[in-house]
Amino acid sequence: MDTVTKLAAQRAVVIFSTSSCPMSHTVIRLLIDFGVNPMVHELDKDPRGREMERALAKLLGRTPAVPAVFIGGKLVGSTENILTLHMTGSLIPMLKNAGAIWV
């Protein structure tokens, strides 16, 4: 859990993903299209990936644990949470407040 917390605090937007997860790619692409430069941790390519995935599953309360998106060091959730925030107009202000975008 400490590893996840430390990594999540390193940038304005941090995404825990796996290289084969299409929903992770969708969320990453959406954020990049907004001008965000997220830090992406692909758990299947990290030696501590399984440990981090278990920690994320506990935080999210579900599996699969990816994508797990942190904005401003706080867990926002997975794909459905990001899309809901986007559709309600809350995502852009959240990204601005975290310093992830300046537009």
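Let me start with Phe70, whose bridge partner in strand E4 is Leu75; please keep in mind throughout that what we are looking at is a predicted model. That pair belongs to the stretch where strand E3, residues 68-71, meets E4, and there the two strands run antiparallel and are joined by three bridges.

If we now step back to the sheet as a whole, we find four strands in an open arrangement, in the order E2-E1-E3-E4, and the pairing among them is mixed. At the edges sit strand E2, which covers 39-42, and strand E4, which covers 74-77, and each of these pairs on one side only. Going from one strand to the next, the twist averages 25 degrees.

Next, the helices that go with this sheet. Helix H2, residues 22-33, packs on the sheet and touches E2, E3 and strand E1, the last of these being residues 13-17; the direction of H2 makes about 160 degrees with that of E1. Helix H5, which spans residues 91-98, lies across E1, E3 and E4, and with respect to E3 it runs at about 55 degrees.

I would like to finish with one residue of helix H2, namely Ser24. Is Ser24 buried or exposed? Its relative accessibility is 0%, and because buried means under 20%, Ser24 counts as buried. As for what surrounds this side of the helix, if we leave aside residues up to four places away in sequence, Ser24 touches Ser17 and Thr18, and also Val66 and Pro67.

Methods
Residues numbered from 1 in each chain as written. Predicted model: local features only at pLDDT ≥ 70, side-chain atom pairs only at ≥ 80, totals over all residues. Heavy atoms only, no water. Pairing = 2+ DSSP bridges. Axes fitted to C-alpha atoms, helices over the stretch in contact; angles between N-to-C directions. Contact = heavy atoms within 4.5 Å. Buried < 20%, exposed > 50% of the residue type's maximum accessible area, 1.4 Å probe, protein only.
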